[in-house]
Amino acid sequence: MTAPDDTLAAAIARFIAGLTLDSLPPDVVEKARVCLLNGYGIALGGHGTSYAPVARAAALALHGEHSGGVTMLGDGRRTSVPGAALAGSALFHGRAQEDTCGAAHIGAVLIPLLTALVEAGDGPVERLLPALVAGYEAGGLLENAFSPLTTPAGLRASPLYGTLAAAAGAACLLGLPEERIAAALANAASFTGGILQSFDDGTDEWRYQVGVAAVNGLTAARLAAAGSISAPHAFEGRTGFVRAFARTGCDPVELAARLGRDWSIHRVTFKPYPVCAFNQTPVTAALALRGEVEGRAIRSVTVRMNPFETGYAGMDSNGPFASISGTLMSIPFCIALTLLRGVPTMETMTRYDDGAVNALVERVDLVPDEGVRRLCCAIEVVLEDGTALTRRQDMTTDDFALPWEAVSALVRRIGGETGVPADAYDRIERFARALPDAAIDDVLEAFGRLPDHPHQASVSLVKGVGNG
């Protein structure tokens, strides 16, 4: 057995304990700011989705409403930090347009949790960016190494690795010492999980997994802060995280060497369309082909994609569809919709009785092809007159790693479609850009400006929170 100081949990904890805004590379800090802008911006544009109200009701049933609590974003009522995290994550995940780190939506786990902790005064706003980076790096390290094994087994990456990210981010924001950060990570390894079946069934559990992951990660950090005795070999042990979930071995030294060298936050991508991350490239290709089809009748469509993506739960579904949880995952649906109706929107993604789209879905042949890299696709459209139109769309994470200006334009476009006032985006941009000299009230007031905000009057300075 390796000594406790040489375990993976200890190595990640050392890395996290050394993170400060001054120690982080400027490009990492900038990417963290963009992640915040995207997270808050997408959540503002998701205010009309139906999942946050369910999570808010559950949060209030579990934790109650009290004036001394923290704000449920988009609602204004106040509850506990775990309750606000549970509700907030459902809002951030509502459009399914949140950021993606590999196969995990880490931002939808981290950002609502860290926001709630800062509002509560449990950590200074000056430590928000390092805590965000800590979460992306801890969760992203394990996701990159093991999601190719855990995802095909039916485990969803967002809660599985997001719980680890939440524990890391919370531990960093709370200012835990290195040994307690290791305990928080070990606790999170014991508390994590999450399956993919809801995508196959077209149901909504996945909408709430990110919030549960945030709560479990926070619980892991709080237990560590309280003195929990936690397994030092939680990751590489013979019955630890890696053996249990990935069914393989683990080289702690090799993994630890990636920290601070292969920054996971640079793998974070942003979604132009409200569909699954794996459907972003097929939609991009289908939009290009739509211009060539020019309204002519389509006989058949053949799509070639990497087996990791075609084998993901719900991706090969031909319907019938009764929820957006089914349509946004389905490669055949997203391609058929794009070819016939253009850019996918929340409105067209929920039009389940579009006969022409549903008929074309049945004529889309999805082919797993090892020769097609992840995030790439090849589409052939055969028209009724026999004309074949082809498109090979080769993309990488760099194509979706949008800079600040592009993310600002994206979230403001969505806000324009969903009635979000422009000054709400001004406030979240000011907050993300001003860190560490920022006021969390800018975020609270941005969400208080939503057109259907039921408790606008209660969103104001909370417990005197300003700069943390």
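**Helix 7 and the nonpolar core**

Modeller: All 18 of the 18 residues of helix 7 are buried, so this helix is largely enclosed by the rest of the structure. This is a predicted model, in which local features need pLDDT of at least 70 and side-chain atom pairs pLDDT 80 or more, while totals for chains, interfaces and linings use all residues. Residues are numbered from 1 along each chain, and side-chain values use heavy atoms, without hydrogens and water.

Biologist: What makes the residues of helix 7 buried?

Modeller: Buried means under 20% relative accessible area, with a 1.4 Å probe and protein chains only; 18 of the 18 residues of helix 7 meet that.

Biologist: Why is helix 7 called a helix, and what span should its 18 residues have?

Modeller: A helix is a DSSP run of H or I, at least four residues, numbered from the N terminus. At 1.5 Å times one less than the number of residues, residues 157-174 should span 26 Å, and the end C-alpha atoms are 25 Å apart, which agrees.

Biologist: What is the kink in helix 7, and where is its centre?

Modeller: The bend is the angle between axes fitted to the seven residues ending at a residue and the seven starting there; in helix 7 the kink is about 30°, centred on T163.

Biologist: Which element gives the largest share of the largest nonpolar core?

Modeller: A nonpolar core is a set of buried Ala, Val, Leu, Ile, Met, Phe, Trp, Tyr and Cys residues joined through side-chain atoms within 4.5 Å. The largest has 159 residues, and F241 is one of those touching the most other members. Helix 7 supplies the largest share of this core, 13 residues.

Definitions and conventions: Helices (H or I, at least four residues) and strands (E, at least two) are DSSP runs, numbered from the N terminus. Buried means under 20% relative accessible area, exposed over 50%, partly exposed in between (1.4 Å probe, protein chains only).
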